[in-house]
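This report covers a pocket, a cavity, a sheet and a helix pair. Look over the structure first, then read on.

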Amino acid sequence: MRRFLQHALVIAALAACGVEEPGSNNPPVFDPGHRPLRRVNRAELDRMFRDLTATTLRPGLDFPPDDAASGFDNHAEALGFSPLFFELAEAAAGAVARDLIDAGRIPVTVTAVDGASWSSTSDGPNTANGAAFAFYGNGAASWTPPLLAAGRYALRLDARTTPGDAGPALLVLEIDGVEIETIALEGAESSPATELDLAPGATLALRFINDAWIPDAGIDRNVWLDRVTLEGPIDAPAPIPPERAEALPCTLIGVSDADARACAERVVTGLATRSWRRPLASEEAAALMARWDAVRSEGGTAADATQIVLKRIWTSPSFLFLVEPPPSATSAPVDAWTLAQRLAIFLWGSVPDAALSAAAADGSLLDPVVLEAHTRRMADDPKAVALIDDFAGQWLGIRMVGNAAPDPTLFPTFTIEIRDAFAEEMRANFASLLDDEVPFRNLLTSEWSRVTDPLLDWYGLESGFSGTGARNVNVALAGRGGWLAQGGLLTALSPPTRTSPVKRGVWVLTNLLCDEPPPPPPNVEGFPEPSASAATVRDRLEAHRANPACAACHDRIDPVGFAFEGFDPVGRVRTEDAGLPIDATGVLPDGTAFDGLTALQAHLADDPRLAACAAERMFVYAHGRDAEAADGPTLDRTVETYTALGGSFVDLLVATTTSEAFRAARAEEVP
């Protein structure tokens with residue numbers, strides 16, 4: 001309740017920026033900056049398919065990893081559109097469409113038997129020959145398949161004919177003595193599918209009718225039946241799983257043509273609206289159903305036609321790109337559907353849900369108070385895991401853990417299990433920040449961590465916890481606490497054989513303070529080897545820093561990095577390096593002195609650059625572009641609003657989504 005009472009602060013902050021509400025005759029004076037068109041990345045594609053159809057398929061895993069720019073793989077500059085991407089997107093759309101439509105069928109029972117299961121029903125040489133049934137002369141063979149239900153089945157034959165035969169071999173298919181069709185076979189092939197109405201107890205027969213043996217002409221027409229496959233029933237509707245009822249609310253199978261078309265129109269228009277994140281224009285709906293009608297007129301089933309139209313929906317630019325209508329003025333608030341799309345892709349990496357779509361449809365989402373409420377609701381939804389996997393995963397180093405590879409000869413007890421536990425700890429700890437009552441500064445100051453069993457010994461904590469999975473543990477008892485003391489980050493920021501104060505220090509300056517040091521000058525000397533006078537990593541680095549060409553950068557980097565020296569390359573607490581006591585003290589350029597990582601993190605938590613940097617990184621992620629100089633006022637107001645609302649991570653989300661830049665668009669000429 002406290003959060004919702006704060007909305008007046010948000011409204012006041014927005015009003016101060018000059019952003020007019022929709023319907024105002026006065027154009028806003030604020031320029032929201034460039035909003036680049038970008039395609040969705042592979043993770044977003046998978047989430048959208050999941051939320052649209054409840055599919056368990058993850059076709060995005062077949063795509064190459066997306067490139068990143070400015071630290072994020074949802075950055076417009078990194079997301080090109082290649083023929084390969086479209087080819088994979090087309091395959092993904094087809095697979096998900098089939099998966100959805102198949103949910104409306106009775107699970108297909110496949111009955112496959114080898115040819116030897118057939119029995120000859122006539123005198124002569126025809127008989128089982130190994131796994132095949134051999135027709136050496138005219139005659140018939142029969143089989144009674146073990147069907148469980150009556151319905152329509154698809155029959156396929158896998159057979160071979162004698163090489164060199166003159167023309168195809170002909171097999172007459174019969175059901176209970178009634179001739180159905182003649183199947184022509186030549187060479188080694190699978191016959192086209194034949195659809196049959198069958199009931200339990202039905203007997204299938206195949207009758208070979210054109211045996212030929214003309215030795216002088218080299219003709220000896222025989223048939224070997226290797227396999228017979230029945231699939232079905234293919235025309236029986238199944239109860240729609242509840243989780244898929246929104247996407248498939250009716251049946252396409254086993255109903256009249258009129259009912260099938262009415263169902264298809266309901267499915268198509270519903271999914272097109274949800275997939276394209278906006279209302280469907282009447283001409284768009286008509287075009288989609290015209291395609292459906294064309295497939296039906298060509299002999300396709302209602303299910304086939306619906307799959308084809310869904311594939312068209314999911315290969316449209318309206319699905320694969322975050323398309324926004326151009327603003328009506330030089331700079332204006334976006335419409336409610338565009339705002340809903342921005343909010344859903346930012347917080348969930350997916351499509352709007354029913355509640356968000358309803359707020360877009362009635363326009364209420366344009367009210368900053370309503371927008372704030374939806375932001376908080378969505379941050380509290382399990383789908384906000386996208387913020388953990390994609391935003392925090394890239395900004396705060398969670399994804400780096402998977403690439404950590406300490407030297408196995410120096411650290412033989414480091415295992416994949418430990419590495420996975422590190423990543424799980426980081427994900428669980430960031431998830432705790434999605435509670436809007438938790439201050440964001442807890443990222444660096446918390447004495448507790450979500451630890452799983454493999455890390456208890458690794459961290460030197462007492463075992464004896466009951467249950468499985470992550471549990472909240474006071475890690476301060478083991479000399480650690482805060483984001484920077486997590487074993488996964490410490491390991492990811494270390495070379496394979498030693499610690500790296502430089503790598504760790506640069507990461508803090510770059511990712512938490514947005515104060516990235518410049519690259520080292522060319523031809524700079526490498527890291528010194530250990531010597532009698534410089535045995536520890538710290539001593540070796542201080543010797544390196546004695547070079548004036550190196551000191552300018554290292555004076556900023558090294559004090560931060562030295563705070564980490566109480567942890568070894570695989571994230572364990574240590575008191576010695578090269579047999580000498582650890583020195584984890586440092587003095588920052590502003591004169592702040594500290595001793596150890598806990599003290600450094602306490603200082604960073606109070607550094608105003610932390611909130612400013614978090615706001616900037618969130619801006620880049622939310623807008624899919626870099627923050628520019630003109631965005632400075634937006635970032636300043638975002639931090640002010642975040643602070644006024646209470647200073648939680650969710651408050652930062654609200655300050656971002658209710659900002660003038662997030663709610664407006666700039667008209668731009670297309671080059």
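Ala, Val, Leu, Ile, Met, Phe, Trp, Tyr, Cys and Pro count here as nonpolar, Asp, Glu, Lys and Arg as charged, and the others, Gly among them, as polar. The model is predicted.

**Pocket and cavity**

By that scheme, the lining of the second largest pocket holds 10 nonpolar, 3 polar and 9 charged residues. The pocket encloses about 470 Å³. Its lining comprises 22 residues. Nearest the centre lie R105, E195, I234, T301 and D304. Three elements, β6 (151–161), α5 (257–275) and α7 (302–313), each give at least two residues to this lining.

Rolling a probe the size of a water molecule over the atoms shows where empty space is left. Across the whole structure, 4 cavities of 30 Å³ or more turn up. The second largest cavity has a volume of about 50 Å³. Which residues line the second largest cavity? They are I101, G104, L248, C250, T251, L252 and I253. This lining has 5 nonpolar, 2 polar and no charged residues.

The table sets out the residue classes for three groups.

| Group | Nonpolar | Polar | Charged |
|---|---|---|---|
| Lining of the second largest pocket | 10 residues | 3 residues | 9 residues |
| Lining of the second largest cavity | 5 residues | 2 residues | no residues |
| Contact of α21 with α22 | 7 residues | 2 residues | 1 residue |

**Sheet**

An open sheet has 5 strands in the order β2-β5-β11-β7-β8, and the pairing is antiparallel. β2 (119–120) and β8 are the edge strands; each has a single partner strand, so one side of each lacks a neighbour in the sheet.

Strands β7 (residues 169–175) and β8 (residues 178–185) pair in the antiparallel sense, with 7 bridges. L173 faces E181 in β8. The hairpin of β7 and β8 has 2 residues between the strands. There, D176 adopts a positive phi near 50°.

**Helix pair**

Two packed helices are described by the angle between their axes and the distance between the axes. How do α21 (residues 608–623) and α22 (residues 632–645) score on these terms, and at what angle do they cross? Their axes come within 9 Å and cross at roughly 120°. The crossing of α21 past α22 is right-handed. From α21, the contact draws on A611, A612, A615, E616 and F619. From α22, it draws on T634, L635, T638, V639 and Y642. By class, these residues are 7 nonpolar, 2 polar and 1 charged.

Methods
Residues numbered from 1 in each chain as written. Predicted model: local features only at pLDDT ≥ 70, side-chain atom pairs only at ≥ 80, totals over all residues. Heavy atoms only, no water. Axes fitted to C-alpha atoms, helices over the stretch in contact; angles between N-to-C directions. Helix = DSSP H or I, 4+ residues; strand = E, 2+ residues; numbered from the N terminus. Left-handed = near helix turned anticlockwise from the far one by under 90°. Contact = heavy atoms within 4.5 Å. 1 Å grid on protein atoms, 1.4 Å probe; cavity = no way out; pocket = protein on both sides within 12 Å on 5 of 7 lines; lining within 4 Å. Points joined across faces, edges and corners; volume = space filled by probe spheres on them. Pairing = 2+ DSSP bridges.
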